[in-house]
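Hi,

Here is the structure I said I would pass along. Have a look at it first, and then read on for what turned up when I went through it.

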Amino acid sequence: MGKYVFGIDVGGTTIKCGLFQTDGTLLEKWEIPTRTENSGEAILPDIAESVKAKISERGLNKDEIVGVGIDVPGPVNEKGELSVAVNLNWGYKDIVGELSGHLDGMKVKAANDANAAALGEMWAGGGKGTKSLVMVTLGTGVGGGIIVDGKIVAGAHGAGGEIGHACVDPEEETQCNCGNHGCLEQMASATGIARLAKKYLASHDTPSSLRSRGDSISAKAVFDALKEGDQAAAEIVEEFSEYLGNALAIFSSVVDPEVFVIGGGVSKAGQILIDGVRKYYQRDAFVSCKDTPIVLADLGNDAGIYGAARMLLD
């Protein structure tokens, strides 16, 4: 087996790259721009050139390299085929076949970015030491990744782990970006929490420091107000916590993970978020799953490159 592996995390603006030893040691990380013009035709060639340049710069022998793992913001099936990635201007793409071709036949594996982040957290982050976890990323949207027996659950259509689009409120009238209604993303993302806050303030007369913010309320502002003892913020966070805690309870009945890992920008609220979600999770979870730990992610923006690299080490 080789000594080194590359992990590539493709975002809409930048591509994060990492060179790892096979024991999980990150030797170096760097970024290159994501060139999405002309249907993103330069993205995979740019990645290949960057990998080749790093191999040359470090004087590595090709036999020492296990391969390249890559994650992208879109559904990827087990063959490494992508159906669409809007942020990259990609339609269907055989990521594994094309990138391996640009790398002169080097081994390549591909996955969805949230699934890769989950694998990274299992390998070296909040889920280290486990083989089964569900990761939830609370950012502008809600992403997710499911790992069972150390392997990503991609599903038949590459949509395994799309937990942000599980329906948690069938009575919700506002449409989600996906076209459905009542998705978890509408309640538990950064934008979802801000939406809950505006709805609460419009329908209650509870005094709150949040009112001075008008339409510029953010999830961070809500949690900051909660930490300062703001009653309205406390009730908004309770509503968010119930949605997410109930959703995790449902997921636990399907996957029964060893741990739930919570990441993304909203997770910076810290333990106060975990405590609120755990309360409702334990209320709603099946009896055998009630004590499943819920923890914060550790790897931050590096989770993707760790997970992409880890895919090569099965």
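**H4 against H10, and the rest**

H4 and H10 are roughly perpendicular to each other. Their axes cross at roughly 85° and come within 6 Å, with H10 covering residues 303-310. Before you go further, please keep in mind that this is a predicted model.

The H4 side of that contact is made by Ala 116, Ala 117, Leu 119, Gly 120, Glu 121, Met 122, Trp 123 and Ala 124. From H10 come Ala 303, Gly 304, Tyr 306, Gly 307, Ala 308, Ala 309 and Arg 310. By type, the residues of the contact of H4 with H10 split into 10 nonpolar, three polar and two charged.

Each of these two helices also lies across strands. H10 lies across E1, E2, E3 and E4, and runs at about 130° to E1. H4 lies across E8, E9, E10 and E11, at about 55° to E9.

**The sheet under H10**

The strands E3-E2-E1-E4-E7, in that order, form an open sheet of five with mixed pairing. At its edges are E3 (26-33) and E7 (108-112), each of which pairs on one side only. From one strand to the next the twist averages 20°.

Inside this sheet, E1 (residues 4-10) and E2 (residues 14-21) are antiparallel, paired over seven bridges. If you want a spot to zoom in on, Asp 9 stands opposite Lys 16 in E2. Another helix, H3 (residues 95-102), lies across E4 (65-72) and E7, running at about 140° to E7.

**The sheet under H4**

There is also an open five-stranded sheet with the order E10-E9-E8-E11-E12, and its pairing is mixed. E10 and E12 (294-296) are at the edges with a single partner strand each, so one side of each has no neighbour in the sheet.

Going through the pairs:

- E8 and E9 (residues 142-148) run antiparallel and are joined by six bridges; Thr 137 has Gly 143 in E9 as its bridge partner.
- E8 and E11 are parallel, with five bridges, and Leu 133 stands opposite Val 259 in E11.
- E11 and E12 are parallel too, over three bridges; the bridge partner of Val 261 is Val 295 in E12.

How many of the residues of E11 are buried? Five of the five, so E11 is largely enclosed by the rest of the structure. Both of its faces are covered, with Val 259, Val 261 and Gly 263 buried on one side and Phe 260 and Ile 262 buried on the other. H9 (residues 271-284) lies across E8, E11 and E12, running at about 165° to E12.

**H6 and H7**

Here is another helix pair to set beside H4 and H10. The axes of H6 (residues 190-203) and H7 (residues 219-227) come within 8 Å, crossing at roughly 60°. That angle makes H6 oblique to H7. Ala 190, Ile 193 and Ala 197 of H6 meet Ala 219, Val 222 and Phe 223 of H7. The residues of this contact are six nonpolar, no polar and no charged.

**Two loop residues**

Thr 130 sits in the loop between H4 (113-124) and E8 (133-138). Is Thr 130 buried or exposed? Its relative accessibility is 17%, and since the cut-off for buried is under 20%, Thr 130 counts as buried. Its side chain reaches the backbone oxygen of Gly 127 at 2.6 Å. Leaving out neighbours within four places in sequence, Thr 130 is in contact with Met 122, Glu 258 and Val 259. Two of those names have come up already: Met 122 is part of the contact of H4 with H10, and Val 259 is one of the buried residues of E11.

Cys 167 is in the loop between E10 (151-152) and H5 (185-188). With a relative accessible area of 47%, Cys 167 is partly exposed. Which residues does Cys 167 touch, not counting those up to four places away in sequence? They are His 181, Gly 182 and Cys 183. For a longer distance to check, the C-alpha atoms of Cys 167 and Asn 89 are separated by 28 Å, with the two residues 78 apart along the chain.

Cheers

Note on methods
Residues numbered from 1 in each chain as written. Predicted model: local features only at pLDDT ≥ 70, side-chain atom pairs only at ≥ 80, totals over all residues. Heavy atoms only, no water. Helix = DSSP H or I, 4+ residues; strand = E, 2+ residues; numbered from the N terminus. Buried < 20%, exposed > 50% of the residue type's maximum accessible area, 1.4 Å probe, protein only. Polar contact = N/O pair within 3.5 Å; in protein donor to acceptor, adjacent residues only side chain to side chain. Contact = heavy atoms within 4.5 Å. Axes fitted to C-alpha atoms, helices over the stretch in contact; angles between N-to-C directions. Parallel < 35°, antiparallel > 145°, perpendicular 65-115°, else oblique. Nonpolar A, V, L, I, M, F, W, Y, C, P; charged D, E, K, R; others polar. Pairing = 2+ DSSP bridges.
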